[in-house]
Amino acid sequence: MAIDRNRLKLLIGDIDELFESFSAPMGERVRDWIQTAIMGPAFAELREFIEQSRPPVLFLAGRSGHGKSSVINALAGKKIAQTGHVKPTTPQALAHLITFPERFATWQVVDSRGIFETSPPGGAPSPDAAAALAGAMLKHRPDVVLHVISMPEVRALSNDLRVMSDLMRDLRKKTGGDTPLVVVLSKPDIIGNPREWPPERYSRKAAQIKEAIDYFVSDGLQLRAGFRPLDLNTPYRGYEFEPNARNVFCVVPLFAYEEDEPWNVEMLVQAIGERLPKSARLDFYQAQQRKEFLRRLSDSIIKRFAAIATAVGSSPIPVADIAVLTPLQLMMIAVIAGLSCQQLSLSSATQYLTAAGLNVGGAVGMRTAAQQLIKLIPGAGAVVSGGIAGAGTYALGKSAQTYFFSGELRKPEEFEQE
Ligand SMILES: Nc1nc2c(ncn2[C@@H]2O[C@H](COP(=O)(O)OP(=O)(O)O)[C@@H](O)[C@H]2O)c(=O)[nH]1
Ligand SMILES: [Mg+2]
């Protein structure tokens with residue numbers, strides 16, 4: 001289970017009702033104000049994050065047999081593209097919509113497979129091929145372009161790379177965007193002795209991989225400075241670059257032979273994810289069920305909701321009771337639950353409250369849940385200040401996050417000082 005867009009409407013409906021039942025006795029003026037200051041911004045935030053999210057567009061370039069399909073399979077964590085002897089029959093780029101039904105996510109993958117085939121490795125791709133590639137990129141407007149080059153062949157393929165980097169420059173000019181180019185150096189295992197794997201166990205292999213990447217950067221890209229390791233402790237896992245003439249954003253080695261565990265795929269996920277537009281991140285991470293990344297997404301939700309709560313607490317209108325914040329907080333908990341692997345719903349939120357020792361089981365309903373929730377908020381008094389509302393909401397969010405992502409119950413007080 002994960003975040004199902006269709007459920008967002010239900011959740012918002014439930015929260016709206018709850019909020020109505022709380023705010024009805026408060027008078028119209030206060031109610032309207034709460035509507036504008038709390039529920040409006042919170043609903044808008046979730047709509048942007050969930051409803052308006054869209055599939056990431058991943059564009060694959062590189063010669064046949066270099067591992068494009070394998071890269072996609074490794075990223076997706078399942079076999080979605082055929083690998084091996086599939087010779088392209090047409091030189092056109094083909095778009096695939098890949099769905100992850102149990103995870104409510106979709107990716108658009110564009111395979112520009114045949115385009116480089118019109119020239120032998122070593123020779124520059126023909127002007128026609130370059131134009132076809134440029135056309136395909138303009139048509140599909142990728143969020144990220146992955147150029148896959150087999151590591152043992154990097155020396156022969158600097159022409160391809162030069163063509164790619166020129167195309168990236170043109171694409172940026174035409175679209176006004178800054179689509180990142182990620183170079184994936186595939187098949188790092190077959191550099192040197194293929195039996196020496198993984199590089200964490202064979203220091204010689206680690207050195208050979210780093211040497212191949214360094215060569216690629218200095219000779220292929222002709223860059224001498226302006227880059228650093230993605231992971232300072234393991235410099236053979238790839239580099240990221242400052243803006244440069246080659247338009248390369250990062251270089252990542254990836255082992256993606258289907259019979260084995262992929263290697264370094266987390267690094268590639270991170271490199272791609274960080275550069276995706278906000279609207280494409282949920283689908284990208286959710287498809288892979290990568291807990292750590294989804295947890296980070298939930299962090300940003302917690303921060304946004306805490307900011308909304310702070311604004312409420314700091315308002316000139318004296319809100320008598322922290323209860324007005326509880327619908328907001330229940331909604332936040334439901335979204336955190338959804339990002340972990342529970343259903344996006346209020347009943348997931350009550351599961352946390354019950355675990356936290358509040359008696360909200362069964363028939364008592366959402367209203368009781370919301371009223372009980374106050375007992376969990378550190379520092380909640382009769383009138384809440386902005387600081388307390390914000391810090392309390394934040395602490396509650398972190399506690400729920402720990403519960404849903406680590407299966408551990410830590411009270412909100414523990415997160416109060418963060
Ligand atoms: N040794 C090794 N083989 C790989 C790796 N990645 C892909 N392959 C193999 O290389 C061949 C071509 O891969 P494929 O993904 O179909 O390339 P594509 O034509 O660019 O889509 C397949 O037989 C893959 O199993 C890798 O990291 N190491
Ligand atoms: Mg393929």
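**Sheet and helix packing at a glance**

Helix α4 (residues 127–140) lies across β1, β2, β3 (105–111) and β4, and its direction is at about 170 degrees to that of β1. Keep in mind that this is a predicted model. Another helix, α7 (residues 265–275), also packs on the sheet, where it touches β1, β4, β5 (181–186) and β8 (248–254). The direction of α7 makes about 160 degrees with that of β8.

**The sheet**

- The sheet is an open one with eight strands, and if you walk across it you meet β2-β3-β1-β4-β5-β8-β7-β6, with mixed pairing.
- At the edges you'll find β2 (94–100) and β6 (227–229); each has a single partner strand, so one side of each has no neighbour in the sheet.
- From one strand to the next, the twist averages 20 degrees.

**The β1 and β4 pair**

- Strands β1 (residues 57–61) and β4 (residues 144–150) run parallel and are joined by four bridges.
- Across this pair, Leu58 stands opposite Val144 in β4.

**Where α11 meets α13**

- The axes of helix α11 (residues 346–355) and helix α13 (residues 386–406) come within 11 Å and cross at roughly 95 degrees.
- Angles of 65 to 115 degrees count as roughly perpendicular, so that is how α11 sits relative to α13.
- On the α11 side, the contact is made by Ser348, Gln351, Tyr352 and Ala355.
- From α13 come Leu396, Ser399, Ala400, Tyr403 and Phe404.
- Sort the residues of this α11 and α13 contact by type and you get six nonpolar, three polar and no charged.

Notes: Residues are numbered from 1 along each chain as its sequence is written. Chains are lettered from A and ligands numbered from 1 in the order in which they are written. This is a predicted model: local features need pLDDT of at least 70, side-chain atom pairs count only at pLDDT 80 or more; totals for chains, interfaces and linings use all residues. Side-chain values use heavy atoms; hydrogens and water are left out. Axes are lines fitted to C-alpha atoms, for helices over the stretch in contact, and angles run from 0 to 180 degrees between N-to-C directions. Helices (H or I, at least four residues) and strands (E, at least two) are DSSP runs, numbered from the N terminus. Angles under 35 degrees count as roughly parallel, over 145 as roughly antiparallel, 65 to 115 as roughly perpendicular and the rest as oblique. Contact means heavy atoms within 4.5 Å. Ala, Val, Leu, Ile, Met, Phe, Trp, Tyr, Cys and Pro count as nonpolar, Asp, Glu, Lys and Arg as charged, and the others, Gly among them, as polar. Two strands pair if DSSP finds at least two bridges between them.
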